[in-house]
Amino acid sequence: MMRAWILPLLLVLCGSVVATGLVSKGSLGTASALLSAFVVLAGVNSPLIFPRSIGAQEAQRRSAADGRPVVFWRPGCTFCIRLRIRLGRDARRLHWVNIWRDPAGAAAVRAANDGNETVPTLVIAGRPHTNPDPEWVRAQLTASA
């Protein structure tokens, strides 16, 4: 769990150090703008922007019951962030599995990607799709609705 927060914490720490240096030089406005940018970047790279993750087995059980896709992701992955942001509110219609918190999820991703933990890996109707285009994912959601 802690490694999911390492990058966001480092971003806030670095932003604080740089902002402190700027404040000591009298650049209060620049310091606050820069610190704000680092905090936003930390938030985007944190698990906070993703819907609540569940375990792989629970996600697969729910997917079988409701037909919604399962997304395997990990914090700090730029492709996962892109998918999450581009899906917007539709992201809540997917079952999200954090592979850093769920060993079964990591194993499922490795099985689908020739031993690699390539994310995001989306599973729709039992078929894995690695790093799918967000518009394609949105189309799959509307087709299944």
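This is a short walk through the structure shown above, stopping at a few helices and one loop. Keep in mind that the model is predicted.

Let us begin at helix α1, which covers residues 3–24. Leu10 sits in this helix, and with a relative accessible area of 44% Leu10 is partly exposed. Leu10 also has company: together with Ile6, Leu13 and Val17, Leu10 forms a nonpolar patch on the surface. The accessible area of these four residues together is about 370 Å².

Next, find helix α3, residues 56–66, and look for Ser63 in it. Is Ser63 buried or exposed? Its relative accessible area is 15%, so Ser63 counts as buried. You can also look at what surrounds Ser63: leaving aside residues up to four places away in sequence, Ser63 touches Arg68, Val70 and His95.

Now move on to helix α4, which spans residues 78–87. Its buried residues are Cys80, Ile81, Leu83, Arg84 and Leu87. Why do they lie on the same side of α4? Because they cover an arc of only 160 degrees around the axis, they share one side of the helix. If you turn to the face that points away from this buried side, you will meet the exposed residues Thr78 and Ile85. Just after α4 comes Gly88, and the phi of Gly88 is positive, near 60 degrees.

The cysteines deserve a stop of their own. How many disulfides does the structure hold? The number is 0. Take Cys80, one of the buried residues of α4: the nearest cysteine sulfur belongs to Cys77 and is 3.0 Å away. A disulfide calls for two cysteine sulfur atoms within 2.5 Å, so Cys80 is in no disulfide. The relative accessible area of Cys80 is 0%. For Cys14 the value is 40%, and Cys14 is partly exposed.

Our last stop is a loop, the one between α5 (103–112) and β3 (121–124), where you will find Asn113. Although Asn113 is in a loop, its relative accessibility is 9%, and Asn113 therefore counts as buried. Which residues does Asn113 touch, not counting those up to four places away in sequence? They are Thr118, Thr121 and Thr130. You can also compare places in the sequence with places in space: Asn113 and His129 are 16 residues apart along the sequence, and from C-alpha to C-alpha they are 9.2 Å apart.

Terms used. Residues numbered from 1 in each chain as written. Predicted model: local features only at pLDDT ≥ 70, side-chain atom pairs only at ≥ 80, totals over all residues. Heavy atoms only, no water. Buried < 20%, exposed > 50% of the residue type's maximum accessible area, 1.4 Å probe, protein only. Helix = DSSP H or I, 4+ residues; strand = E, 2+ residues; numbered from the N terminus. Arc of directions from axis to C-beta. Patch = residues over 30% accessible without salt bridge, like charges linked within 9 Å, V, L, I, M, F, W, Y side chains within 5 Å. Areas by Shrake-Rupley, 256 points an atom, 1.4 Å probe, with all protein chains shown as cover. Salt bridge = Lys/Arg side-chain N within 4 Å of Asp/Glu carboxyl O. Contact = heavy atoms within 4.5 Å.
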